[in-house]
Amino acid sequence: MKLFGYTISTLLHVLFVLSFSISGMVSSLGINYGQVANNLPPPATVLSLMTSVRLTKARIYDTNPQVLTTFANSGVELIVTVENNMLVTLMNPQQALQWVTSHIKPYYPATNITGISVGNEVFTDGDTSLTNYVVPAMVSVHAALVQLGLSSFIQVFSPTSAGVLQESYPPSAGAFKPELTGVLTQFLRFLQTTNSPFWVNAYPYFAYKDDPTRIQLDYVLFNPNAGMVDPYTKLHYDNMLYAQVDAVIFALWRLGHGGLDVRVSETGWPSMGDTNEIGATVQNAATYNKNLLTRQMAHEGTPLRPNNRLEVYVFALFNEDLKPGPTSERHYGLFQPDGTMAYNVGLTSLANHEHSSKPSTSISLTSSASKETFKGYQCLVYWMYVVLLAFQVLMRRPT
Ligand SMILES: *[C@@H]1O[C@H](CO)[C@@H](O)[C@H](O)[C@H]1NC(C)=O
């Protein structure tokens, strides 16, 4: 029976993942902690929520001192952001030094800031002058980190939207927009020199929404499907996210920087949308994020780099009620502002109850399991988690 097969494979999967976890090798899924809302809980509550679902990597869209202070000594790695409107100022090396001195240095290393995102999606922003500001600003911020002795701990980069691609299908045809070649050449040279990754915000949802009759929903949702074979590389793709990432790798290669590490700074799926936003449903959002999580836990890489676990930050932690634009924009969150789940992604089912600041995952799972009605196989899987996580906690006791 299929259900039975699924149960066994899931259990093996959990065992596999936990064996990594026990040996201290687990790399968590990242989460984007956006705060364009007027109803979010305070950072301390957010930290408890993240800890309770074992999210240990987050990206924020500013350098909010409250967040930076709260996340000190938490074990959470943080990527912070220079807002787009600051780029013009930070081109000036002296201003950049001042900025790093006041916005980063006081918090590090207690707060584990691992990266500074200098702007976000600057190459596709309506303000085209940002394109000229971004590389000089990155250079200045990096120089400031060097001067303060922080450059070997904190990377400097700038996440781009997938809109920088002119071609993305098939992946081997991946190429950047020709009008960006000049600035991207400098940009990529900076990343290469400073050993920084190329981060891309990739949303298969947008592609599906724009062409729901031709694009197969299962392909964009990571569900079982025939997928596609790239006619040039002969690589098989069973989901669009990996195809988009490999298209970026090919685009980088065409500009002479095929060796850069490519990571996903944002991906996600809205749980609600306007009537013309096809596919923005709770069920699709849950499926997308759940399937993505499963693949992350299996340490999957893309077909082009199968042994290189794809680093992914999900968008987003919360629904953000003040985001402008279509309804979908306000519904990317895994959580409602009150800390309840927007939908169940699987691993996070424990978040529904009172948050404890201790990562006592086994207890959380037990009590949440008793509250919710699971189907049989889910129940079994969750109880396996309880037992195995308890075991893990015991193994981790400091000696
Ligand atoms: C901060 O994160 C980095 C990258 O994962 C890790 O190597 C380092 O040990 C962390 N530092 C602290 C103080 O936890």
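# Contacts, helix packing and backbone features

Not counting residues up to four places away in sequence, Ile-60 touches Tyr-33, Val-67, Leu-78, Val-80 and Thr-81, where contact requires C-beta atoms, placed from the backbone, within 7 Å. The structure is a predicted model, in which local features need pLDDT of at least 70 and side-chain atom pairs count only at pLDDT 80 or more, whereas totals for chains, interfaces and linings use all residues. Residues are numbered from 1 along each chain as its sequence is written.

**Exercise 1. Locate Ile-60 in the secondary structure and decide whether it is buried or exposed.**

Step 1. Ile-60 belongs to strand 2 (residues 57-60); helices (H or I, at least four residues) and strands (E, at least two) are DSSP runs numbered from the N terminus.

Step 2. Count neighbours: 21 other C-beta atoms lie within 10 Å of Ile-60.

Step 3. Apply the cut-offs, with C-beta atoms placed from the backbone: 20 or more other C-beta atoms within 10 Å mean buried, 12 or fewer mean exposed, and values in between mean partly exposed. Ile-60 is therefore buried.

Step 4. For a distance between C-alpha atoms, take Val-82, which is 22 residues from Ile-60 in sequence and 9.8 Å away in space.

**Exercise 2. Characterise the packing of helix 5 against helix 6 by angle, distance and handedness.**

Step 1. Two packed helices are described by the angle between their axes and the distance between the axes. Axes are lines fitted to C-alpha atoms, for helices over the stretch in contact, and angles between N-to-C directions run from 0 to 180 degrees.

Step 2. For helix 5 (residues 93-103) and helix 6 (residues 130-147), the angle is about 55 degrees and the axes are 8 Å apart. Helix 5 is therefore oblique to helix 6, given that angles under 35 degrees count as roughly parallel, over 145 as roughly antiparallel, 65 to 115 as roughly perpendicular and the rest as oblique.

Step 3. The crossing of helix 5 and helix 6 is right-handed; a crossing is right-handed if the near helix is turned clockwise from the far one by less than a right angle, and left-handed if anticlockwise.

Step 4. On the helix 5 side, Pro-93, Ala-96, Leu-97 and Val-100 form the contact, and in helix 6 their partners are Ser-140, Val-141, Ala-143, Ala-144, Leu-145 and Gln-147. The contact of helix 5 with helix 6 comprises eight nonpolar, two polar and no charged residues, where Ala, Val, Leu, Ile, Met, Phe, Trp, Tyr, Cys and Pro count as nonpolar, Asp, Glu, Lys and Arg as charged, and the others, Gly among them, as polar.

**Exercise 3. Repeat the analysis for helix 6 and helix 7.**

Step 1. The axes of helix 6 and helix 7 (residues 181-194) come within 9 Å and cross at roughly 20 degrees. Helix 6 is therefore roughly parallel to helix 7.

Step 2. The handedness of this crossing of helix 6 and helix 7 is left-handed.

Step 3. Thr-131, Val-134, Val-135, Met-138, Val-139 and His-142 in helix 6 meet Val-183, Gln-186, Phe-187, Phe-190 and Thr-194 in helix 7. By class, this contact of helix 6 with helix 7 has seven nonpolar, four polar and no charged residues.

**Exercise 4. Identify which residues surround the ligand, and examine the peptide bond before Pro-109.**

Step 1. Glu-77, Pro-109, Asn-112 and Thr-114 surround the ligand; a residue is near a molecule if its C-beta atom, placed from the backbone, lies within 6 Å of it.

Step 2. This shell holds one nonpolar, two polar and one charged residue.

Step 3. Pro-109 sits in the loop between helix 5 and strand 4 (112-118). Its peptide bond with Tyr-108 is cis, with omega about 10 degrees.

Step 4. Tyr-169 and Pro-170 are also joined by a cis peptide bond, with omega about -10 degrees. Pro-170 lies in the loop between strand 7 (165-167) and strand 8 (175-176).

**Exercise 5. Determine where Asn-73 and Asn-195 lie, and assess their phi angles and exposure.**

Step 1. Asn-73, in the loop between helix 3 (65-70) and strand 3 (77-82), has a positive phi near 55 degrees. With 9 other C-beta atoms within 10 Å, Asn-73 is exposed.

Step 2. Asn-195, in the loop between helix 7 and strand 9 (198-201), has a positive phi of about 60 degrees although it is not a glycine. Asn-195 has 11 C-beta neighbours inside 10 Å and so counts as exposed.

Terms used: Two residues are in contact if their C-beta atoms, placed from the backbone, lie within 7 Å.
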